[in-house]
Amino acid sequence: VAFPDCWCGVLSGILRDSFGFLLALLRSLESANLLAPGKMTTFATDTVLDEHMDPDYEPTEKELEEYAEWLGMDVDEDREFFWIARAGLKAPLPKPWKPCQADGDDIFYFNFETGESVWDHPCDEHFRKLYQ
């Protein structure tokens, strides 16, 4: 079925809002203990994941370099700022964000209060600005 261009945005918004509603409903069920905690829940092809941060996690040198470069650092000249990259890699998701797995194993982040979804960790922009 072909839709006029103006309908594509409307349909996209409806689908996004529907997914947001379902995820918000899931969060409410989990909060009310009607959904077993620690379990993954799937809607269509997207899966809501539980975040588990290992308190002993230390990023590898390769992870630090890749994230530092992604933040805009020069890997050779900005090593004194690698503490920012280390903090960014160890940053937990702020509430009410949850990691989700899209079809094809891509990870995105969903905010259960606003319905916003993003591909980058919600704290990444903070660490990018901290470096700049």
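Here are three short exercises on the predicted model above, each with a worked solution.

Some ground rules come before we start. Residues are numbered from 1 along each chain as its sequence is written. In this predicted model, local features need pLDDT of at least 70 and side-chain atom pairs count only at pLDDT 80 or more, while totals for chains, interfaces and linings use all residues; side-chain values use heavy atoms, without hydrogens and water.

**Exercise 1.** Find how many helices and strands the protein chain has, and their order.

*Solution.* Begin with the terms: helices (H or I, at least four residues) and strands (E, at least two) are DSSP runs, numbered from the N terminus. The protein chain has four helices and five strands. Next, read from the N terminus: the order is α-β-β-α-α-β-β-β-α.

**Exercise 2.** Work out which helices give two or more residues to the largest nonpolar core.

*Solution.* A nonpolar core is a set of buried Ala, Val, Leu, Ile, Met, Phe, Trp, Tyr and Cys residues joined through side-chain atoms within 4.5 Å; buried means under 20% relative accessible area, with a 1.4 Å probe and protein chains only. The largest such core has twelve residues, including Leu-64, Tyr-67, Phe-82 and Cys-123. Helix H2 (61-71) and helix H3 (82-90) each give two or more residues to this core. H2 gives the most, with four residues.

**Exercise 3.** Find which residues Cys-123 is in contact with.

*Solution.* Contact means heavy atoms within 4.5 Å. Set aside the neighbours of Cys-123 within four places in sequence; what remains is Ala-91, Pro-92 and Pro-94. Another core, of six residues, lies apart from the largest one, with Val-48 and Phe-110 among its members.

Methods
Buried < 20%, exposed > 50% of the residue type's maximum accessible area, 1.4 Å probe, protein only.
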